[in-house]
Amino acid sequence: MESVKLTRLIEKMKLVNLTPEIDVADIRITQPDVNRPALQLTGYFEHFDATRLQIIGFVEYSYMESMSDERKREIYEELMSYDVSAVVFCRELQPDPIFKEEALAQRIPILSTGKTTSSFMAEVIRWLNVKLAPCISVHGVLVDVYGEGVLITGESGIGKSEAALELIRRGHRLVTDDVVEIRKVSDDTLVGSAPDMLRHLIELRGIGVVDVKALFGASSVMDTQNIDLVIRLEEWDKDKEYDRLGLEENYTEYLENKVVCYNIPIRPGRNLAVICESAAVNHRQKKMGYNAAQELYTRVQNSLAGRREDD
């Protein structure tokens, strides 16, 4: 099961730890969803998903303020008896002494943020969805080309990194070289990123490893990008028939998500960077409703219909 260390969440969301006495180094979050324990504060604990991050907003805080000390102790004790990873108070609200006492007794950390409840929830759910998404690693290069995430795959030594370097020189951005970590964020979205060890690095045979960020500047790299298009490079085979119109799109699958895939034959003299740029722009046009292959097909059909009428 994928998990995220609580320390990473604290660092990413700039949370303040109100219980420094509790060691949070080994606490992990396994659920991308969060919970506002409004019903639990009233005493209803059926179907309570304690593994989610618990968030206290202004409504919950106001209700807690209206409770008697005896009722607080009863509810807080039961709330903290579950395996709660952490409790976050939004709007810089502060827990009352009884809440803090029970949390310390059960070793449950209390965190604080100055953000509004809705904005914090949206941000933390989005971040956790990415971090906890199903993940695989594939061999390839991921580049942002005109805003389209282009995953270049193929056998080792076929020219993936060289194509990526030329794209970077032409103003596009590298996400990762050699190893692409693909996460399934939703049924429609795959997000690619680089392993921490390889971030911003690219390997060129005969030269070695180079730091793209150091050579071309911060604008030449990015940490993550959606995978919109796959370009599979392969050696040119003169006996093989290649698609010359593109009326039907081919797909490949990663984590059960389909992605448009182009098989590009490679031989000396073909400019891979220009081909990748053209493929990205053409794919973008199709998403905007224009298909050049379909336009050509329509023109041919109209031309043939016109000739038949003349005859």
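Which residues are exposed on the other side of α3? Phe-58, Val-59 and Ser-66 are, and the legends below start from that helix in this predicted model.

**Figure 1. The buried face of helix α3.** Helix α3 covers residues 58-66, and Glu-60, Tyr-61 and Met-64 are its buried residues. Seen down the axis of α3, these buried residues fall within an arc of 100°, so they line one face of the helix. Turn to the other side of α3 and you meet Phe-58, Val-59 and Ser-66, which are exposed.

**Figure 2. What lies over the buried residues of α3.** The cover includes both helices and strands. Among the helices are α2 (38-41), α4 (69-80) and α5 (97-105). The strands include β5 (53-56) and β6 (87-89).

**Figure 3. Asp-178 and its positive phi.** Look for Asp-178 in the loop between β11 (173-176) and β12 (179-184). Its phi is positive, at about 80°, although Asp-178 is not a glycine. How exposed is Asp-178? Its relative accessibility is 30%, so Asp-178 counts as partly exposed.

**Figure 4. Glu-256, another non-glycine residue with positive phi.** Here phi is near 70°. Glu-256 sits in the loop that links β18 (250-254) to β19 (257-266). With a relative accessible area of 69%, Glu-256 is exposed; the cut-off for that word is over 50%.

**Figure 5. Arg-170 and its contacts from far along the chain.** Arg-170 belongs to the loop between α7 (160-169) and β11. Leaving aside residues up to four places away in sequence, Arg-170 touches Ala-273, Val-274 and Glu-277. For one of these partners, Glu-277, the separation along the chain is 107 residues, while the C-alpha atoms of Arg-170 and Glu-277 are separated by 9.7 Å. Arg-170 has 39% relative accessibility and therefore counts as partly exposed.

**Figure 6. Asn-271 and Ala-163.** Asn-271 is found in the loop between β19 and α9 (272-287). How many residues separate Asn-271 and Ala-163 in sequence? The answer is 108, yet the two are 8.3 Å apart in space, C-alpha to C-alpha. Asn-271 counts as partly exposed, at 39% relative accessibility.

**Figure 7. The whole protein, as a setting for the close-ups.** The secondary structure comes to 10 helices and 19 strands. Along its principal axes, the C-alpha trace spans about 95 × 60 × 30 Å. The radius of gyration is 27 Å, whereas a compact globule of 311 residues would have one near 19 Å. Among contacts between residues at least 6 apart in sequence, 68% join residues at least 24 apart.

**Figure 8. Burial, surface and charge across the protein.** Of the 311 residues, 44% are buried. The protein exposes about 17,200 Å², and carbon and sulfur atoms supply 47% of that area. If you are thinking about charges, there are 38 positive and 51 negative side chains. The centres of these two sets lie 5 Å apart.

Notes. Residues are numbered from 1 along each chain as its sequence is written. Side-chain values use heavy atoms; hydrogens and water are left out. Buried means under 20% relative accessible area, exposed over 50%, partly exposed in between (1.4 Å probe, protein chains only). Helices (H or I, at least four residues) and strands (E, at least two) are DSSP runs, numbered from the N terminus. The arc is that of the directions from the helix axis to the C-beta atoms. Contact means heavy atoms within 4.5 Å. The radius of gyration is taken over C-alpha atoms; the globule rule is 2.2 Å times the number of residues to the power 0.38. Accessible areas come from the Shrake-Rupley method with a 1.4 Å probe; for residues, only the protein chains shown count as cover. Lys and Arg count as positive and Asp and Glu as negative; His and the chain ends are not counted. The place of a charge is taken as NZ of Lys, CZ of Arg, CG of Asp or CD of Glu.
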